[in-house]
Amino acid sequence: MRDAPAPRLHLLVCANRREGSPLGPGCGDRGGAVYDALKREVAVRGRIATTWITKTSCLGICPERGATVARWPVNAGSPSSPIVTEVVPADIAQLLAEPSETREPPNAHEASPAEPSAADLARELDALEELQRKKVLDLARRLKPGLTLEDVQNPHDFPELDDPDWHYADGVLAGIQSVKSTLSAMMRSRPRSEED
Ligand code: FES
């Protein structure tokens, strides 16, 4: 493995098609339209070398309208999430906003930032867990409207949740929660002086 040149902005556009899925037909043609519009606009702006547009399979959000797009690095402005969904061709100007001039691709040779503390990691994990829990619930409600968080903790009571994508999302959530528990146990077992 070795570092490779990285773009200033990379957008990954889902154009996945689902056949007969309870989650709907996937981003499909809508994703294709967003992808084509982005490719055209990048060429017009002369940014082919620095802004990469890649068509992908399912990104795990599966919107009912528009398409899902992942991007890095995350823009400083709005929207600020690395994943945006319900994207339509009219949104491409916002998606193509240049990242802050001070931000560099991850492999740039720059001074290493300070190591994150355990408390920083715990906060990041809390945010990740919240995001993933919402995703699990959203997917569950696409499969069976009206389900609650408590319901999805007992998936065997709901045959509609016997869906591979939902199980995958739920497994990711369980993984995040497991890392959180491990980190929490490590923080509790550390000598007080190390936490300060
Ligand atoms: S089909 Fe596009 S995110 Fe799942």
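Helices and strands are DSSP runs, numbered from the N terminus. The model shown is predicted.

**View 1. Helix H1, residues 28–44.** H1 has 17 residues, which at 1.5 Å a residue should span 24 Å. The C-alpha atoms at its two ends lie 25 Å apart, in agreement with that span.

**View 2. The buried face of H1.** Buried residues of this helix are Arg-30, Gly-31, Val-34, Tyr-35, Leu-38 and Val-42. Seen down the helix axis, the buried residues fall within an arc of 135°, so they line one face of H1. Exposed residues Asp-29, Ala-43 and Val-44 are carried on the face turned away from the buried side.

**View 3. Packing partners of H1.** Four strands receive the buried residues of H1: E1 (9–14), E2 (51–56), E3 (67–72) and E4 (83–87). Helix H2 (92–95) also packs against these buried residues.

**View 4. Gly-46, just after H1.** The phi angle of Gly-46 is positive, at about 65°.

**View 5. Pro-89 in the loop between E4 and H2.** Pro-89 has 16 C-beta neighbours inside 10 Å and therefore counts as partly exposed; a buried residue would have 20 or more, an exposed one 12 or fewer. Leaving aside neighbours within four places in sequence, Pro-89 is in contact with Ala-33, Val-34 and Ala-37. Of these contacts, Val-34 is among the buried residues of H1. Gly-31, another buried residue of H1, is 58 residues from Pro-89 in sequence, with the two C-alpha atoms 9.1 Å apart in space.

Key: Residues are numbered from 1 along each chain as its sequence is written. This is a predicted model: local features need pLDDT of at least 70, side-chain atom pairs count only at pLDDT 80 or more; totals for chains, interfaces and linings use all residues. The expected span of a helix is 1.5 Å times one less than its number of residues. The arc is that of the directions from the helix axis to the C-beta atoms. Two residues are in contact if their C-beta atoms, placed from the backbone, lie within 7 Å.
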